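This report describes aromatic contacts and strand pairing in one protein chain. Please consult the sequence and structure shown below while reading.

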Amino acid sequence: MHLLPAIVTLLLLALLPPPIPEPTGPPATEPLAPSAPVSRGTIEYLRSIDARQVDALAKPHSVWGKLLEWVAGPAERPHLIRPFGVTEDSRGRFVIADPGQRVVHLLDLEKRDYKFISGTKRSPFQSPVGVVVDAQDNIYVSDSARGEICVFDPKGKHLRSIGQNGSRTPLQRPTGIAVDPRSRSVFVADTLLHQVLVFDLDGKLLRTIGRRGTAPGEFNFPTFLTLAAGRLYVVDAMNFRIQIFSLDGQAIGGFGRLGNRSGTLNRPKGISVDSDGNIYVVDALFETVQVFNSEGTLLYYFGSSGTAPGQFVLPGGIYINPRNIILVADSYNQRVQVFRYRRVAP
């Protein structure tokens, strides 16, 4: 009987993402202290997509589907447990990487359609954390535990894998991922390699960016990344900064430092850029999204700790579509929150 608590603890630890070293600076134990951010826009809360809605979509809606469940019993379906990476395809489907459930959810709210991807036939997902789509709506998923990028077509059929164990360019802990349609390149942040690796669409390694260190162009546990206007933005997590590169890997700027005031970073996670070039950074410990201009000056932030609409508990990934609709993976509230950015005229 004494073994049961230990077994339960081990099972819970197996579902958690791999640990990242703790910072050595001042902890952010309180909400962000104000520093008079300069507003250049407004954020409007639209809706939330939570576990109950996913469960409702996953149930059969056709007569034949309901009849099959009545005869064979209800099918086992994944639930939205811990959304982490999030994006949207050209069809308007939400694509959500869920390491808690070990699947990628595909949600079409307008058509009330639900699908999920659980990995390949031979290798189910272990920890899908990052997800993006390309111009053809192919889905790229980074599995940090398996050390590979899996590529699927829009229907969920496995097409190929990049950097899998045993290849000449194995990945150790791939997390953030981005696809550049012009150069037909895939950018992957490898947290344990302290590098960004650049592959072609067939998985051939083209080049690497950075190495471990604190100088410009070097990384200390990089995680999320995004592409915008010919620039690569990398969350250099344990250097507590955002680094900006050209697409050929040249460091051209950056901002951020460790702290517990607005405008500083403590547990930076997801990153995205809106149509005005403003940079959105999710901070899991602050439980806010901070918005910076291209020079790294704080414009404003939104969110706070809690479970109400517009509040977060350990948020993760973020995605902004061309219409400035913002998706934030509110991980431990088991939901994705949807916002809209509206520009304020000077």
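In this predicted model, the structure contains nine aromatic pairs. Two of them are set out in the table, each with its ring geometry.

| Aromatic pair | Centre-to-centre distance | Angle between planes | Arrangement |
|---|---|---|---|
| F125 and F152 | 5.9 Å | 75° | edge-to-face |
| Y280 and Y341 | 6.5 Å | 80° | edge-to-face |

The F125 and F152 pair is classed as edge-to-face because its ring planes stand at 75°, and the cut-off for that class is over 60 degrees. This pair links distant parts of the chain, with the two positions 27 residues apart in sequence numbering. F125 belongs to the loop between β5 (113–117) and β6 (128–133), whereas F152 belongs to strand β8 (residues 148–152). Both F125 and F152 are buried.

The second pair joins two strands. Y280 is part of strand β19 (residues 279–283) and Y341 is part of strand β24 (residues 335–343), so the contact ties together parts of the chain that are 61 residues apart in sequence. Y280 has a relative accessible area of 0% and Y341 has one of 4%. Both values fall under 20%, the cut-off for burial, and therefore Y280 and Y341 count as buried.

Aromatic residues also assemble into a group: Y45, F302, F312 and F339 form one aromatic cluster. F339 lies in β24, where this residue stands opposite I326 of β23.

Which residues cover the two sides of β23? On one side are I325, L327 and A329, on the other I326, V328 and D330, and all of these are buried. Strand β23 (residues 325–330) thus has six of its six residues buried, so the strand is largely enclosed by the rest of the structure.

β23 has a pairing partner in β22 and another in β24. With strand β22 (residues 318–320), β23 pairs in the antiparallel sense over three bridges, and I320 is placed opposite I326. With β24, the pairing of β23 is likewise antiparallel and extends over six bridges. I326 therefore faces I320 in the one pairing and F339 in the other.

Each pairing is also a hairpin. β22 and β23 are joined with four residues between them, and N324 in that turn has a positive phi of about 65°. The hairpin of β23 and β24 has four residues between its strands as well, and there Q334 adopts a positive phi near 55°.

Methods. Residues are numbered from 1 along each chain as its sequence is written. This is a predicted model: local features need pLDDT of at least 70, side-chain atom pairs count only at pLDDT 80 or more; totals for chains, interfaces and linings use all residues. Side-chain values use heavy atoms; hydrogens and water are left out. Rings of Phe, Tyr and Trp (its six-membered ring) pair if their centres lie within 6.5 Å; planes under 30 degrees apart count as stacked, over 60 as edge-to-face and the rest as tilted. Buried means under 20% relative accessible area, exposed over 50%, partly exposed in between (1.4 Å probe, protein chains only). Two strands pair if DSSP finds at least two bridges between them.
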